[in-house]
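Reader: I have a two-chain model open on my screen and I'd like to learn how to read it. Could you walk me through it?

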Amino acid sequence: MKPRLELHIPEPACRPGDSVDFSAIRIPPAGGLARPAVDAPASELRDYAYSLIRVLDDEHRAVGDWNPRLTPDRLRSGLRHMLLTRVYDERMVRQQRIGKTSFYIKSTGEEAVAVAQSYALAPDDMLFPSYRQQGLLIARDWSLVDMMCQIFSNTKDRIKGRQLPVMYSVPEVGFFSVSGNLGTQFPQAVGWAMASAYSGDHRIAAGWVGDGTTAEADFHYALTFAAVYRAPVILNVVNNQWAISTFQGMAGGEQTTFAARAVGYGLPAIRVDGNDFLAVYAATQWAAERARHNHGATVIELYTYRAAPHSTSDDPSAYRPENEWKLWPLGDPIERLKQHLIRLGEWSEDQHAALGKELEDQVKQALREAESHGTLSTPPDSPETMFEDVFKQMPPHLQRQLEEFRSLERED
Amino acid sequence: MSSMNMIQALNSAMDVMLGRDDNVVVFGEDVGYFGGVFRATANLQKKYGRTRVFDTPIAEGGIIGTAVGMGAYGLRPVTEIQFADYIYPAFDQLVSEAARLRYRSGGDYWAPLTVRAPCGGGIFGGQTHSQSPESIFTHVCGIKTVMPSNPYDAKGLLIAAIEDDDPVVFFEPKRIYNGPFDGHHDKPLTPWSQHAASEVPEGYYAIPLGKAAVVRAGKEATIVTYGTMVHVCLAAVEASGIDAEVIDLRTLIPLDIDTIVESVKRTGRCAIVHEATRTSGFGAELSSLVQEHCFWHLEAPIERVAGWDTPYPHAFEWEYFPGPARVAQALKNLMEPV
């Protein structure tokens, strides 16, 4: 008798009310992997797609070949930028809750991804982020006031109130305009890198997508083009386990890793503990060096956990246990770097508390300034700018619509 | 001056721009070594090198996605989609990204890319080698849509498109690559060499986007059309004995509304002709604009001649293709409204 076929629908290990079960996640020990030469062929690197590069061990020591040996100053700076990202996120969510903006997206738990990766890249390398890498801007010391003005769609919003909050665009620090359409930035990053190579430039590009977005066609396009043209690009997959309510198994992660996808394209892929500042830095530095020396693209899977709700429009208690984040086996990136610095004798709980206070004040002060330029509840006074920048020059049909709009206003 | 067909004129435009601007790169499926399935990029790789004119994987979304990134870097990509029928996998990158980049970034970034796509029917191309998807793009804010009807315009408009800092979708009616097809499929095709518009300057010139051409002056009616249908309409006018003015739009967005309105106000009658399917086709927009701007001058209802609202059939090519007889009927209707 033939067996009846059964359709498999992936389901996460635990749902609301269940006790958290991360037993299926295998965490290799820190320091266990060798750091290969940056010109190693992809065919020799396959194991890295299935393992996990970790530098900080359970005792908060930096161990192994991948230890990037950053100075204490650099580590403290990284800690500061990660904490600033978290403080900023908390504060902006509150702005949404009290109606000063419509929407916000936090990056809680993923601060090491953006900050350490930014550190490992050159300041003029080009970033093609998703909406959850605000830490890139913060690590590049971009103005919090400017970021907040975008969140508020106010008179100083450089993108003139046209975009949903968090869809920043900051060419001054090589931060590409964030799009709401998932994954589109991935082939764009590859194209930018191709252009840099075409031009004989020295700059490389880096793109970011989430685990869920790897299912989009653009992911496939990006990896194909990156491989074919050996584009100097780093293609990052931030696997934070969740795409809104959908666990990473629904994106195809149940039987394999996202890094492993790259193997089939002939690209090197490395998988890294995304909550380990040092490991993220080291992996990114390796990939950057590889790209910069014409050895082509690297895919990095950053293994982490989305601690916050997907957005201010989301309630994760409807689909996952509330305490999952607390039990995430790779912990909290800020706490781990903090403990590492304390262990080195380069930091203390008192200093950390003082830093937290200082950053709270910094964010509050920026907020006061940003609010002085208005919030969504006191919007910019020139809606006529909505007709600009559709094209470089306003074509006749838009000029007519602008005139029509002006005549409507006069009737008020 | 040289006598060129459309393919040679397009090739010449890319040659000129590759020569003038190091930021111009040309790529697409079979575009490089082979020179394109329609030969539009023949010899360009040999002349300018593999990094400037190159083949791509078969991935329209990847072609346009990488082109957007190249544009953000500062290059001026000229991409080819082998058939307009296969532009849809790139739709997200065109609509969500290229078209909106300047707007959504407040002018920080833009996508100065040109997307060449052979379009149109009349070649027994069946469902996926005959489509005219221009109205899908004219509906997208931030994209310019161009369709030339002869070699001279093809070169001048393509150069203007490449130089333009906005994304341009450049549709090339493949039926008229070799000669001005007038819809009389039972007669041999006249080559471009016998047509005045095949006299094309070898060097640089540009035809501004957004300017229509009156290809036949007339007093009794106005035909608004573009692409292959320009020649079909000219043939239909000659056969009908009606002194109709024929306007070749050349650029759909931005639209040269002034030329249309001036003509219709003078003639009092308007027919709109395109190969694309009728419902929600660009003709609907044109008809609506003519009605808004010329209502008090119209002496007959606006006529629309278009492809039927069906996928493009293979065996019934000439029952589907809006030929001169249908255009002539529309002219007759205009003159004798029922």
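**Reading the contacts**

Author: Let's start inside chain B: between domain 1 of chain B and domain 2 of chain B, the count is one salt bridge, meaning a side-chain nitrogen of Lys or Arg within 4 Å of a carboxyl oxygen of Asp or Glu. B:Asp153 and B:Arg250 make that kind of pair, with N to O at 3.2 Å. Before going on, note that this is a predicted model, where local features need pLDDT of at least 70, side-chain atom pairs count only at pLDDT 80 or more, and totals for chains, interfaces and linings use all residues. Residues are numbered from 1 along each chain as its sequence is written, chains are lettered from A and ligands numbered from 1 in the order in which they are written, and side-chain values use heavy atoms, with hydrogens and water left out.

Reader: Where do the domains of chain B begin and end?

Author: Domain bounds come from an automatic or database domain assignment. For chain B that gives domain 1 (2-200) and domain 2 (213-335), and their C-alpha centres lie 25 Å apart.

Reader: And how do I judge what the two domains of chain B bury between them?

Author: The size of an interface is often given as the accessible area lost when the parts come together. Here buried area uses a 1.4 Å probe and is summed over both parts. The two domains of chain B bury about 2500 Å², 62% of it on carbon and sulfur atoms. Counting contacts (heavy atoms within 4.5 Å), 33 residues of domain 1 of chain B touch 28 residues of domain 2 of chain B.

Reader: Now for the chains. How many residues of chain A are in contact with chain B?

Author: 45 residues of chain A meet 46 residues of chain B. The area buried between the chains is about 3500 Å², and carbon and sulfur atoms give 61% of that. On the chain A side, A:Tyr198, A:Phe225 and A:Phe391 lose the most area to chain B, together 19% of what that side buries.

Reader: What is the count of salt bridges between chain A and chain B?

Author: Two. In one of them, A:Lys392 pairs with B:Asp165, the closest N and O atoms being 2.4 Å apart.

Reader: Which elements of chain A give two or more residues to the side that touches chain B?

Author: Helices and strands here are DSSP runs numbered from the N terminus (helices are H or I, at least four residues; strands are E, at least two). On chain A, the contributors are helix H5 (185-198), helix H6 (217-228) and helix H11 (396-411). H5(A) gives the most, with nine residues.

Reader: Is helix H4 of chain B buried or exposed?

Author: Buried means under 20% relative accessible area, exposed over 50%, and partly exposed in between (1.4 Å probe, protein chains only). Six of the eight residues of H4(B), residues 91-98, are buried, so that helix is largely enclosed by the rest of the structure. Among them are B:Leu94, B:Val95 and B:Glu97.

Reader: And what about a single loop residue, say A:Ser107: where does it sit?

Author: A:Ser107 is in the loop between helix H1 (72-97) and helix H2 (111-120) of chain A. A:Ser107 is buried, at a relative accessible area of 3%. Leaving aside neighbours within four places in sequence, A:Ser107 is in contact with A:Thr85, A:Asp89, A:Arg132 and A:Gln134.
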